[in-house]
Amino acid sequence: MSPERERLFEEFTAARYGALRRTAYLLCGDWHLAEDLVQSTLIKVYARWPRLRDPDTAGGYARTTLVRTFVDGRRRRSAGEVALAEPPETAAVGADPDRRLALLAALARVTPGYRAVLVLRYWEDQSVEECAAILDRSSGAVRSDAHRGLAQLRSILGDSVHEIAGA
Amino acid sequence: MTHGGDDLDGRMAAEVFRAVLQQPEPEQPPVLAAVRAGGRRLRTRRRLALGAAVLAVVPLLAVTAALVVPGSSGAPTLLGPAGRGAAEERPSTAQPSSYGMNQLDALQSRLRGALAAHLPPGYTGVLNGSGPTTFRLVRADGGYTAVATIMGNPLTPGSRPPSPCEPQGGQKVYASDCAARTLPDGATGWLYRSTSYPGTEFLLATPDGRIAGLGTQPNAAPPQGEGGEPQESKPMTLEEMDALVSAPEVLAALEAVPLDAPG
């Protein structure tokens, strides 16, 4: 790869690493796992970099790769759930940082596939159609998973839902 | 970042995400070296898989365009020492490959001739494969062993490529039985088995840092348009691969394959 394209990749990595790691953290709930996920993603982006012409294309490709790598990894090792403290049946949402840990535990209890849809829809701000393209699924399946994921999260959070939504 | 939902549940999800990220983030680890090493290995693996998996169904010229490395689109000189190193020096202008059919034919002919002249015992001939740098070695015991050249991004001149058997940057290893080799022209590399399929590969770095090599493929596909179904590619032993790539004529032909040559 030419030095110029190497430089562009360095700039891309420097600019996007933080956002990719945050999204990865929301998906897997652990900073170390998130960094592994981002590194795997960047390796795939680098391998394809000569054919990615602009930052927007590269950013979209990286997002898709990140989420698919997470979902595929989940399929391959279904027992590899992030080792979080055993969450309570209903997360008690109190003051920070307890509140943050309770929410993290609640998020960890959402089925990974649903979690991926929720992260794309409500964190990455992707439309249903964009989520469907990223996950290689139908729009109907994405809507269904989003509905179920939200229902799971609502159920886990219990009475805290209204307080959180109003924050 | 905003959230796309305007309903209560959507706001709840967005707030959960925002809240769990309200903490100091770890320092960004240095990842570029590991990413580059892993990306180059990935490109090499994909290139090996491309011949049988893609070229069998995609017209050759389409694949030629798809495999173009932007920044290497100047008219390449495929043969001879003058062509070496040209890929890295070409200007970065993303355009379709300028390979002409004559150049592809010359590249293919040189590789095929070199392989045919130095076949290990038990092989009786060489047929074209699914692309100009893939071939089917005809076996005396019936069937084929498919081989394809390996290309990769250049290394620092004088350096040996990292062992494919050693994990780099925590990435999964896809090789076993790695044996270091130093060839008569000073090239250094590794002979190894693939663990993702029953294949053997040889990866080398020339003294000036170019990556080249040869590997067997999982399937032996005939050239596009010739007809016939891809067949299973029979494995080649490490000893056979070693003998084949150690022949100076084969080595020179492999090292002359440009970085952006189609599979």
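**Briefing: confidence, a chain B sheet and a chain A helix**

Start with the weak spot: residues 51-99 of chain B stay under a pLDDT of 50, and the model has 106 contacts beyond four places in sequence for them. This is a predicted model, and the predictor gives the complex an ipTM of 0.82 and a pTM of 0.49.

**Confidence in chain B**
- Chain B averages a pLDDT of 73, with 68% of the residues scoring at least 70.
- Residues 1-6 of chain B are another stretch with pLDDT below 50, and the model gives them 19 contacts beyond near neighbours in sequence.
- Confidence in chain B bottoms out in helix α4 (residues 86-89), at a mean of 29.
- At the other end sits strand β1 (residues 123-128) of chain B, where confidence is highest, at 94.

**The sheet in chain B**
- Chain B has 7 strands in an open sheet, running β1-β2-β3-β7-β6-β5-β4 with antiparallel pairing.
- β1 and β4 (175-182) of chain B are the edge strands, each pairing on one side only.
- From one strand to the next, the twist averages 20 degrees.
- Inside that order, β6 (residues 199-205) and β7 (residues 211-216) of chain B pair in the antiparallel sense over 5 bridges.
- For a specific pair to click on, take B:Phe202, whose bridge partner in β7(B) is B:Leu214.

**A covered helix in chain A**
- Helix α5 (residues 112-122) of chain A is mostly covered, with 9 of its 11 residues buried.
- The buried residues of α5(A) include A:Pro112 and the run A:Arg115, A:Ala116, A:Val117, A:Leu118, A:Val119, A:Leu120, A:Arg121 and A:Tyr122.

Terms used: Residues numbered from 1 in each chain as written. Chains lettered and ligands numbered in written order. Predicted model: local features only at pLDDT ≥ 70, side-chain atom pairs only at ≥ 80, totals over all residues. pLDDT = per-residue confidence, 0-100. Helix = DSSP H or I, 4+ residues; strand = E, 2+ residues; numbered from the N terminus. Contact = placed C-beta atoms within 7 Å. Buried ≥ 20, exposed ≤ 12 C-beta atoms within 10 Å, placed from the backbone. Pairing = 2+ DSSP bridges. Axes fitted to C-alpha atoms, helices over the stretch in contact; angles between N-to-C directions.
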